[in-house]
Amino acid sequence: SVERMIAVLTEHWGGKWPFWISPRQCIIVPVAPAHFEYAERCRRLIRLHKIYVDCDLSPNTLPKKVRNAQVAQYNFILVVGDDEMAKDAVAVRTRNNTVEGTVSLDDFITRCRGLLQSKAQDDVPPPP
């Protein structure tokens, strides 16, 4: 049955679903309330490409927001602040707390679309 197959896959991946099938692909974490509008703009742009993305606009501290996203097993945690706003970019972290650095929003969307199309089991870090 479908339920049994989902249970087998969940156990196999330990809840860390590959990007293409993950129910929680990305979350945007603004550093401060001043960045909420930019975070929402990024969310809309990413969502246009049929990528599932949430935005954490809670009053929690930045470390708490990042920790919550890791516990929820989001594939990518996108932190946005003043530097990212100025560059039209996002700071990318993986659910394993690997900080990949600042990437332009367009490059990040291209990377995600590639992961969706390739159906890769695990994400490969971007080239340096």
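**Close-up views of the predicted model: strand 1 and its surroundings**

**View 1. Strand 1 beside strand 3.** Strand 1 (residues 26–30) and strand 3 (residues 76–80) run parallel and are joined by 5 bridges. Strands are DSSP runs (E, at least two residues) and helices are DSSP runs (H or I, at least four residues), both numbered from the N terminus; two strands pair if DSSP finds at least two bridges between them. Within strand 3, Leu78 is the bridge partner of Ile28, and Val79 stands opposite Val29. The model is a predicted one, in which local features need pLDDT of at least 70 and side-chain atom pairs count only at pLDDT 80 or more, whereas totals for chains, interfaces and linings use all residues. Residues are numbered from 1 along each chain as its sequence is written, and side-chain values use heavy atoms, with hydrogens and water left out.

**View 2. The open sheet and helix 5.** The sheet is open and mixed in its pairing, with 5 strands in the order 2-1-3-4-5. Strand 2 (53–55) and strand 5 (99–104) each have a single partner strand and stand at the edges, so one side of each is left without a neighbour in the sheet. From one strand to the next, the twist averages 25°. Helix 5 (residues 105–118) packs on the sheet and touches strand 1, strand 3, strand 4 (89–94) and strand 5; contact means heavy atoms within 4.5 Å. The direction of helix 5 makes about 110° with that of strand 5, where axes are lines fitted to C-alpha atoms, for helices over the stretch in contact, and angles run from 0 to 180 degrees between N-to-C directions.

**View 3. Strand 1, helix 2 and strand 2.** Strand 1 and strand 2 run parallel, joined by 3 bridges, and Val53 in strand 2 is the bridge partner of Cys26. Together with helix 2 (residues 36–47), these strands make a right-handed β-α-β unit; right-handed means that, with the strands pointing away from the viewer, the path from the first strand over the helix to the second runs clockwise.

**View 4. Burial of strand 1.** In strand 1, 5 of its 5 residues are buried, that is, under 20% relative accessible area (1.4 Å probe, protein chains only). Cys26, Ile28 and Pro30 lie on one side, and Ile27 and Val29 on the other. In a regular strand the side chains alternate between the two faces of the sheet.

**View 5. Cysteines without disulfides.** The structure holds 0 disulfides, a disulfide being a pair of cysteine sulfur atoms within 2.5 Å. The closest cysteine sulfur to that of Cys26 belongs to Cys112, at 4.4 Å, too far for a bond. For Cys55, the nearest cysteine sulfur is that of Cys42, 8.1 Å away.

Methods
Buried < 20%, exposed > 50% of the residue type's maximum accessible area, 1.4 Å probe, protein only.
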